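New to this one? Take a look at the structure below, and then we'll walk through it together.

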Amino acid sequence: MPIIRRESGFALIAAIMANLILLAVGIIALNLSTQDLRISTRLIGEKKAMCAAEAGAHWLMLHFDPANPGASVKADRPLAELAAGLEPRGRVSITQPVPPAAGPLQISGPAGFDMASSPWVLVRYDTTITGRNDDHRTSVTVDVGLGYGPVIAEGYR
């Protein structure tokens, strides 16, 4: 009489379980190795966005006119509009500079700005500058305080 063997399939189940464990270990290893790359990419994007905001602040310092503060407004404009050679995928937004809501409207200028009987001051303005980088989909928003001057203090009291 032939011998009948009952095979319960234990070897197949054990092999599938071993493969699942190896797959899980591989996925964890892949995730950990790409995590550093994702962090580095995000940091580069944030630095480029900060550079865009800084370029907007420099542009504002050069072109701000208190007689026409609305001319300083930039709404999601390419950095190349500010100056040639800036990051082509960077963008900047600058809100209209306004007198500060809190604190003094003017501050004393540094020593040496007093001329005869007319003291000189810096007039304060507040604005918000947002730099953005399209390649990395990052943005940085910075609240900026401007000191325009020196101007004669009597004209701004």
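Here is a quick tour, from the overall layout to the salt bridges. Keep in mind that this is a predicted model. The protein chain has one helix and five strands, and the helix comes first, giving the order α-β-β-β-β-β from the N terminus.

**The chain as a whole**
- Of the chain's 157 residues, 22% count as buried.
- The accessible surface adds up to about 11100 Å², and carbon and sulfur atoms account for 62% of that.
- If you take the contacts between residues at least 6 apart in sequence, 59% of them join residues at least 24 apart.

**The helix**
- Helix α1 covers residues 10-63, which makes 54 residues.
- From first C-alpha to last, α1 reaches 79 Å, close to the 80 Å expected at 1.5 Å a residue.
- There is a bend in α1 of about 25°, and you'll find it at Thr34.
- The buried residues of α1 are Gly45, Ala49, Ala52, Ala53, Ala55, Gly56, Ala57, Trp59 and Leu60.
- Their cover includes four strands: β1 (74-78), β2 (90-94), β4 (120-133) and β5 (138-152).

**The nonpolar core**
- The largest nonpolar core holds 19 residues, and the ones touching the most other members are Leu60, Leu79, Val92, Ile94, Ile129 and Leu146.
- Two or more residues of this core come from each of α1, β2, β4 and β5.
- The biggest contributor is α1, with six residues.
- For a feel of how one core member sits, try Ile129: setting aside neighbours within four places in sequence, its contacts include Ala53, Gly56, Ala57 and Leu60.
- Ile129 also contacts Val92, Ser93 and Ile94, and further along the chain Val140, Thr141, Val142 and Val144.

**Salt bridges**
- How many salt bridges are there? The count comes to six.
- One of them sits within the helix, where the side chains of Glu46 and Arg42 meet at 3.4 Å, N to O.
- Glu46 and Arg42 are four residues apart in α1, so about one helical turn separates them.
- Both ends of that pair are partly exposed, Glu46 with a relative accessible area of 34% and Arg42 with 45%.
- Glu81 pairs up with Arg77, and their closest N and O atoms are 2.4 Å apart.
- Here too the partners are partly exposed: Glu81 at 40% relative accessibility, and Arg77 at 32%.
- Asp76, Arg91, Arg132 and Asp134 are joined up in a network of salt bridges.

**A bridge between two loops**
- Arg89 forms a salt bridge with Asp135, with 2.8 Å between the closest N and O atoms.
- Which parts does this pair tie together? Arg89 is in the loop between β1 and β2, while Asp135 is in the loop between β4 and β5, so the bridge links parts that are 46 residues apart in sequence.
- Buried or partly exposed? Arg89 counts as partly exposed at 39% relative accessibility, and Asp135 does as well, at 42%.

Conventions
Residues numbered from 1 in each chain as written. Predicted model: local features only at pLDDT ≥ 70, side-chain atom pairs only at ≥ 80, totals over all residues. Heavy atoms only, no water. Expected span 1.5 Å × (residues − 1). Bend = angle between axes of the 7 residues up to and from the residue. Buried < 20%, exposed > 50% of the residue type's maximum accessible area, 1.4 Å probe, protein only. Contact = heavy atoms within 4.5 Å. Salt bridge = Lys/Arg side-chain N within 4 Å of Asp/Glu carboxyl O. Areas by Shrake-Rupley, 256 points an atom, 1.4 Å probe, with all protein chains shown as cover. Core = buried A, V, L, I, M, F, W, Y, C linked by side-chain atoms within 4.5 Å.
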